[in-house]
Amino acid sequence: MPAMTAVDADARAGAGTPVEAVGPLVRGVGVLRRLAEAGGTLSPSALERATGLARSTVDRITATLTRMGYVRLDGRDVVLTPRVMELGNAYLAALRLPALLDARADALADELDESVSLAVADLDGIRFIHQATRRRALSVSFRIGDLLPAERTAPGALFATEWTEADWTRWRTRRAGDPQDTAFAAVPPRAEPADDADSAFAGRVGRARRDGWALDDQLIEPGLVAVSVPVRHPGTGSVACVASVVSHTSRHSATGLRTALLPRLRTAVAAMEADLRTAPPPEPGPTPAGLATWTTASKHELGRDFVESLARGLTVLTAFGEGRSALPLTEVARATGLSRATARRALLTHEHLGLVAARPDGTFTLTPRVLDLGFPPLSGTTLPRLAEPHLRALADRLHEPTALAVLTRDGEEIQYTAGAGASHVLTVRITVGARLPATATSLGRVLLADTGAPPSPTLTEIRAQGYALVDEELESGLRSIAVPVRDRTGRAVAALNVATHAARRTLEDCVEDLLPALRATADRIQRDFHTASRFTHVPTS
């Protein structure tokens, strides 16, 4: 069956939609897909044009997605938020491959100093589930969740070794209908499709079947080369995913990849397959709680502006996860708190949209296409970028400047990574990239208190109380209070502060008025950070 793009899915949604499909859910998924295709930001009028929906419908959908925390309004624009990544996280957690194999991929990237990726089959396309990208001026820009046509990649040739004749027929149909690959947003369209492109792909599939590996010699664009090896499922021997090393012709020719990097890639893949064989059964994580109650309460509060069937339909996707990769209807209903009838209609709708697959044993599984729902544009985010809207909101609420900072490598200074100002004549000017002595700032002290810095009474007190308050030590009249921002392991990786003038707030005011709002903002940043970093690397600066 050919890879169904977002455009294909929307066309399918409008043609032959099952009677029991949930219309608002179909339309809401379409809005998320359009936002993802546009890089995460569109105005309501642009969404209206892109989806073909009435403006009132777009407004109700965006109001619902805002309530769910999946989008936010930034001026006139609708913007995807990191929380929407929980949908893709549900698929990746249920798949388990990233959790089991990403450390091996990262180690190989470090060893070779080249980008390494893991990809799974998505019908007749390939979709990335992990990226270990090297930071270079000229580097690979693919993201987790990006979909590529099989015939223009090395992994695609390996997956195609397992295609049936029906798969090949459907692939040819897709190629005939879209010879320039315009439906695949992650790759440049073909300028002039070659007459022998189909036979060339069949030849590469034959060689991949014979050799057990595949080569991409500038199939996507000039200069980009890759070599790929399949990672096989321990139980069936089928291709579970494909590991690839990606380089540029300025560093390796296609022949050079084969001779210099293929042996080490094969060694890494053998270790990955050993990891799959010895992995213990997954422990089911916590299921969502109170979702049905929450959607009902939101409907009562917002009225017709909250589309309850859309919210409930999307929550169905979060029922899946680690240890819950295949669920019967009863388990989906139990996990979400929805009735069987509501859960069943949502599953049927998701199956129609290609987000869920029904299995012969009566269970349902998520498909890689769940990653279409906002994951790619957000998988390349940074901590400063996701913190910025929270900093602006805090500065607007307190009418004081706020900032985010990290410790420099030597621990001697802090470096500002993001900030939001306030409209005072006398205020703190925050310059991103500027550095200050760590010991003289609240930001630095709260970070030093969490590191292996030599203990002192001051740092011990800060560690115990969870915040640092500095009074006119850096500059006369300047007071600031800071709290840590922690990663998924609990380690403080950044700090957030509010600065004020001594004439505006006393020390008691800083603790009683500023600290609660500061901690609440840090909590919101951490929630976004933890969601975004579950399966992606989120740089802290």
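**Core and shape of a predicted model**

Me: In this predicted model, which residues touch the most other members of the largest nonpolar core?
Reply: L65, L87, L314, L404 and L496 do, out of 115 residues in that core. Helix α19 (residues 507-532) supplies the largest share, nine residues.

Me: What makes this set a nonpolar core?
Reply: Its members are buried residues such as Leu, Val or Ile, joined through side-chain atoms within 4.5 Å, so the set earns the name. In soluble globular proteins, nonpolar side chains tend to be buried together.

Me: What is L65 in contact with, leaving aside its neighbours within four places in sequence?
Reply: V31, L32, Y70, V71, L310 and L314. Contact here means heavy atoms within 4.5 Å.

Me: And what lies apart from the largest core?
Reply: Another core, of 27 residues, with A150, A154, W171 and V205 among them.

Me: How many helices and strands does the protein chain have?
Reply: You'll find 19 helices and 17 strands.

Me: Why is the protein chain called as compact as a globular protein of its length?
Reply: Its radius of gyration is 25 Å, and the globule rule gives 24 Å for 541 residues; the two are close, so the description fits. The C-alpha atoms fill a box of roughly 75 × 60 × 45 Å along the principal axes.

Me: What share of the residues is buried?
Reply: Buried means under 20% relative accessible area, and 52% of the 541 residues count as buried.

Me: How many of the contacts with a separation of 6 or more link residues 24 or more positions apart?
Reply: 64% of them, in this protein chain.

Technical notes
Residues are numbered from 1 along each chain as its sequence is written. This is a predicted model: local features need pLDDT of at least 70, side-chain atom pairs count only at pLDDT 80 or more; totals for chains, interfaces and linings use all residues. Side-chain values use heavy atoms; hydrogens and water are left out. Helices (H or I, at least four residues) and strands (E, at least two) are DSSP runs, numbered from the N terminus. The radius of gyration is taken over C-alpha atoms; the globule rule is 2.2 Å times the number of residues to the power 0.38. Buried means under 20% relative accessible area, exposed over 50%, partly exposed in between (1.4 Å probe, protein chains only).
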